[in-house]
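Hi,

Here is the structure I said I would pass on. Have a look at it first, and my notes on what turned up follow below.

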Amino acid sequence: MEIVSWLLGFLGRYPELMVSLACFLLLFHRLNRRNGLPTNWPVVGSLPAIIVNAGRMHEWLTEFLRTAGLSYVVKGPWGSPVDVIVTADPANVAHVFTANFGNYPKGKEFAQLFDVLGDGIFNADGESWAFQRRKAHALLSDARFRAGVAASTARKLRDGLVPLLDGLAASGAVLDLQDVFVRLTFDLTAMFVFGIDPGCLAPDFPYVPFAAAMDTIEEVLFYRHVTPVPWLRLQKFLKIGHSKKMRNARRLLDASIAEFISLRRGHAAEAESTGEAAEADLLTSYLACQDEIGMSGAEFDRFLRDTTFNIMVAGRDTTSSALTWFFWLLTKHPDVETKILEELRAHPPSSGADGHRTTAELKQLVYLHAALSESLRLYPPVPFEHKAAARPDTLPSGGRVGPSRLVIVSFYSMGRMEAVWGKDCSEFRPERWLTAAGLFRHEPSYKFVAFNVGPRTCLGRDLAYSQMKAVVAAVLPRFRVEVDAGAVVRPKLSIILHMKDGLKVRVHKREEDCLA
């Protein structure tokens, strides 16, 4: 981060300060090792601990939450936005996200931090949020929309992903599987949000400004979580650093969405003039209910921009993250891969070996559903979420929160807590999700938090499972994935749990009789 680089450069000019800081960090490290908990020092707060563990933030949170008994207060240096209770306690999660939901709105601070989301569903509160959720629920429940998504997914897999992997398998080239999945889910999400395939998944791996802008925005949003507010304000005033990166990314993003909206308006007008049925995508659905929304002109365009971008973030990044970690886990657990292949053979698609499964056929893949859930438990696409109480409150764990002290729930850590998931919590074991009769075992959302909790539970959960199953069913019987020998797999510090350096792999064609 820029502030750390500046600090090191400053200390380099004053070696005595560098020595003092080194001694301080060494002392901190020794003290920290005694009890495993970060020390909240005067003035600097937990900054020394944050610096020492900056490269392994999720692992560090998991370690000290185990020691602390699932919850602990962490304070940042003076002027920073960090004064939080970090928790992995299901009781706290149920309290904040469900039982006391009304006291934990998104609020002004969240809206400022995630200003790029505008007034979309992730930022909205009250009636605006309720309206957007009702519209999204109605669309996702529509049989024509679901059939269209299933058909476009099958087409993209058949004509896009499988041929791409075929070519890469033949060449023996190393590829970044994470990049492939990000491109795939970007196209799929754009198709059901805008009704347009942007062609991000292609053999030449084209540069797509919209997708690149989303990557930059996610990086900046995480940076805002850990950077002192005065430094953020200075960057904004001087138009430098991450503030400049965000401004440029937003310009690209807004231009791309405006182009998609213009194209869809043209298609909608043409369909109306010819009497054709309207397309079943999110944008067309909103264009058709403009009178109900009660907006016009620039205000309505801004609403469309915010709404569609929020859904793009939800659809592209969470599913691509989940698929990347899942395929990596399969390379580490060939026994699980074998069981999934056996299940795929036992439930072949009705359209034949080269066909793709219907939604009903995908629901028959119970072990695959369990394996995906187990992967999501260990590697939730959204690794943390923060909440602010509108009024002072006391959590079930005993911690007090209010407008000046936030709650950060580490979803990543929750999946690794023995108190939550048992002694084998760190193991990848899909069988934990199955009953003795082989049926899927459901867990309460305040324990299995991959799709959020309470009234804000993800509306697209079933759609996400179907898409992930469809991808696995298309790829796994045809290709064996081998992680490149030099690959280093570690989480990226971001609001989405991507891999920092991608997932470098080679794909190998399986024998024809392995096709399900």
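Phe-237 is found in helix 11, which covers residues 229-238. This is a predicted model, by the way, so read everything below with that in mind. With a relative accessible area of 69%, Phe-237 is exposed, because the cut-off for that is over 50%. Phe-237 has nonpolar company out there: together with Leu-234, Leu-238 and Ile-240 it forms a patch on the surface, with about 400 Å² of accessible area for the four together. As a general rule, nonpolar side chains in soluble globular proteins tend to be buried together.

For the overall picture, the protein has 516 residues, and 52% of them are buried. The secondary structure comes to 21 helices and nine strands. About 23,200 Å² is exposed, with carbon and sulfur atoms supplying 57% of that area. If you take the contacts between residues at least 6 apart in sequence, 71% of them join residues at least 24 apart.

Now the inside. Which residues have the most contacts within the largest nonpolar core? They are Phe-194, Phe-210, Phe-309, Phe-327 and Ile-340, in a core of 145 residues. Helix 15 (residues 297-332) gives the most to this core, with 15 residues. As for Phe-194, once its neighbours within four places in sequence are set aside, its contacts are Phe-210, Ile-257, Phe-260, Arg-264, Asp-281, Leu-283, Thr-308 and Met-312. So that list has charged residues in it as well as nonpolar ones, Arg-264 and Asp-281 being among the contacts.Helix 4 (residues 57-68) is worth a look too. At 1.5 Å a residue, its twelve residues should span 16 Å, and the end C-alpha atoms are indeed 16 Å apart, so the two values agree. Its buried residues are Met-57, His-58, Trp-60, Leu-61, Thr-62, Phe-64 and Leu-65. What covers them includes helix 3 (47-52), strand 1 (71-75), strand 2 (83-87), strand 7 (406-410) and helix 19 (411-414).

The backbone just after helix 4 caught my eye. Gly-69 takes a positive phi of about 85 degrees there. Leu-70, in the loop between helix 4 and strand 1, also has a positive phi, near 90 degrees, and Leu-70 is not a glycine. Is Leu-70 buried or exposed? Leu-70 is buried, with a relative accessible area of 11%. Asn-452 is another non-glycine residue with a positive phi, in this case about 65 degrees. You will find Asn-452 in the loop between helix 20 and helix 21, and at 18% relative accessible area Asn-452 counts as buried because the limit is under 20%.

On to the salt bridges, where the count comes to 31. Three of the pairs are described here.

- Asp-115 and Arg-224 form a salt bridge, with the closest N and O atoms 2.7 Å apart. The pair links distant parts of the chain, 109 residues apart: Asp-115 is in the loop between helix 6 (107-113) and helix 7 (126-141), and Arg-224 is in helix 10 (residues 209-226). Asp-115 is partly exposed at 28% relative accessibility, whereas Arg-224 is buried at 16%.
- Asp-125 and Arg-456 form a salt bridge at 3.1 Å between the closest N and O atoms. Here the two residues are 331 apart, with Asp-125 in the loop between helix 6 and helix 7 and Arg-456 in the loop between helix 20 (418-421) and helix 21 (461-475). Asp-125 is partly exposed, with a relative accessible area of 31%, while Arg-456 counts as buried at 11%.
- Glu-218 and Arg-316 meet through their side chains in a salt bridge (3.6 Å, N to O). Glu-218 lies in helix 10 and Arg-316 in helix 15, so this pair ties together parts that are 98 residues apart in sequence. Glu-218 is buried, with a relative accessible area of 5%, and Arg-316 is buried too, at 0%.

There is a network of salt bridges as well, and it links Glu-374, Arg-377, Asp-424, Arg-429 and Arg-432.

That's the lot from me. Cheers!

Definitions and conventions. Residues numbered from 1 in each chain as written. Predicted model: local features only at pLDDT ≥ 70, side-chain atom pairs only at ≥ 80, totals over all residues. Heavy atoms only, no water. Patch = residues over 30% accessible without salt bridge, like charges linked within 9 Å, V, L, I, M, F, W, Y side chains within 5 Å. Areas by Shrake-Rupley, 256 points an atom, 1.4 Å probe, with all protein chains shown as cover. Helix = DSSP H or I, 4+ residues; strand = E, 2+ residues; numbered from the N terminus. Buried < 20%, exposed > 50% of the residue type's maximum accessible area, 1.4 Å probe, protein only. Core = buried A, V, L, I, M, F, W, Y, C linked by side-chain atoms within 4.5 Å. Contact = heavy atoms within 4.5 Å. Expected span 1.5 Å × (residues − 1).
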